[in-house]
Amino acid sequence: MILIVAEHADGKLAKATLEMVTAARGTGREGPITILVLGQNVAGVASEAAAVADQVLVADSAGLAQYSAETWAAAVAQIAQEGEAHTVITPGSRSGREYAPRVAVKLDAPYLEDVISLSGSGAGLQAQRYTYLARVTETVEAEGAVTVISAKPGSFAPAAPAAAAGEQYDVDLELPQSRVTITGKSMEKSSRVALSEADVIVTGGRGVGNAENFSKFVEPLADNLGAGVGATRAVVDAGWRPYAEQVGQTGKTVQPKAYIALGVSGAVQHLSGMGKSKFIVAINKDAEAPIFKVADYGIVGDVNEIVPALIEASKR
């Protein structure tokens, strides 16, 4: 089977899980696509997962209420061994990249990290991933009885529901005692949709001018459109916006239905994080800006003059 480890939060299946299903379908490998749901009180998550998978394995336990790399690695490795999985796909989130290498060690398996494409190659798998600050895309192949993979978020389109809902099965796990305990959390509160889940993203670059203009132009347009707010690395480095909003090779990779770039020049590192957006709209006063090479629609002009008109139009 192809085993996918579900990513979920607040009782909802994350978009990253649907992307991993697309990656799994693209391998052309035999066996059911199986989603493993780990956590406590995850019945709702399991039901969502069943819409896109052949089968869902549910490990609902108090011992899984809090994430631990040791616990997750042991659980995934146990299920992979018992189910004779030949492919294990994990999310390329911070937690996924933390426990996936441990799973590979436990299974004595090759590990393909942060892949942006995946396909079958004879007895093994072939994948692509970025390297050298996303200036180079390298192709790698892995062979073995089982291969562990982490999929870069935003690199695959979310999977459409299957023809029929998959069966759900409860599983029992032998969980080790975690040696690391989370003693506290502080979360940034925002009423806006998260970048990883947004269908529309409005991103501001240095061309916006300053932090005040970011709040004056980018945020209102995003709020009127029900969009997520993104920023370039230059904006984040300047202290105008938090790192959580950074899009690009050193930030988040996104694939929304519409990506609106305001004052974004389009450096290759930024393009690697949003180049797969379905529609890209760019506004920049530099007609030679690289962003126009990937944009579906472009306006050459001053953001400070054009965006106020867009904000007014978006209110209607």
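A residue is taken as exposed when its relative accessible area is over 50% and as buried when that area is under 20%. The structure described here is a predicted model. By this criterion D10, with a relative accessible area of 79%, is exposed. The residue lies in the loop that links β2 (8-9) to β3 (12-13). Although D10 is not a glycine, its phi is positive, at about 55 degrees. Most residues other than glycine have a negative phi. A positive phi also occurs at D108, again not a glycine, with a value of about 50 degrees. D108 is placed in the loop between α4 (94-107) and β7 (111-115), and its relative accessible area of 71% makes this residue exposed.

Aromatic contacts were examined next. A pair of aromatic rings is described by the distance of the centres and the angle of the planes. Across the whole structure, two aromatic pairs are found. In one of them, Y67 and W72 meet edge-to-face, with 5.3 Å from centre to centre and 70 degrees between the planes. The other joins Y67 to Y99; the ring centres are 6.3 Å apart and the planes lie at 50 degrees, so this pair is tilted. Y67 belongs to the loop between β5 (55-60) and α3 (69-82), whereas Y99 is part of helix α4, and the pair therefore ties together parts that are 32 residues apart in sequence. Y67, W72 and Y99 thus form one aromatic cluster. The accessibility of each member was also computed. Y67 is partly exposed, with a relative accessible area of 24%. W72 counts as buried at 10% relative accessibility, and Y99 counts as buried at 2%.

The nonpolar interior was then considered. In soluble globular proteins, nonpolar side chains tend to be buried together. In this model, the largest nonpolar core has 32 residues, and those with the most contacts inside this core are I4, I35, V37, V56, I89 and L118. A second core, separate from the largest, has 27 residues, including L38, L57, A77 and A104. When residues up to four places away in sequence are not counted, V37 touches A6, H8, V42, V45, A46, A49, V56, L57, V58 and A59. V56, one of these partners of V37, is likewise among the residues with the most contacts inside the largest core.

I89, also listed among the residues with the most contacts in that core, directs attention to strand β6. This strand, residues 87-91, is mostly covered, with five of its five residues buried. T87, I89 and P91 point one way from β6, while V88 and T90 point the other way. Residues on both sides are buried.

Strand β6 pairs with two further strands. Strand β1 (residues 2-5) runs parallel to β6 and is joined to it by three bridges. Within this pairing, I4 of the largest core stands opposite I89 in β6. Strand β11 (residues 147-151) also pairs with β6 in the parallel sense, over five bridges. There, I149 in β11 is the bridge partner of I89. I89 accordingly has I4 opposite and I149 as its bridge partner in β11.

Terms used: Residues are numbered from 1 along each chain as its sequence is written. This is a predicted model: local features need pLDDT of at least 70, side-chain atom pairs count only at pLDDT 80 or more; totals for chains, interfaces and linings use all residues. Side-chain values use heavy atoms; hydrogens and water are left out. Helices (H or I, at least four residues) and strands (E, at least two) are DSSP runs, numbered from the N terminus. Buried means under 20% relative accessible area, exposed over 50%, partly exposed in between (1.4 Å probe, protein chains only). Rings of Phe, Tyr and Trp (its six-membered ring) pair if their centres lie within 6.5 Å; planes under 30 degrees apart count as stacked, over 60 as edge-to-face and the rest as tilted. A nonpolar core is a set of buried Ala, Val, Leu, Ile, Met, Phe, Trp, Tyr and Cys residues joined through side-chain atoms within 4.5 Å. Contact means heavy atoms within 4.5 Å. Two strands pair if DSSP finds at least two bridges between them.
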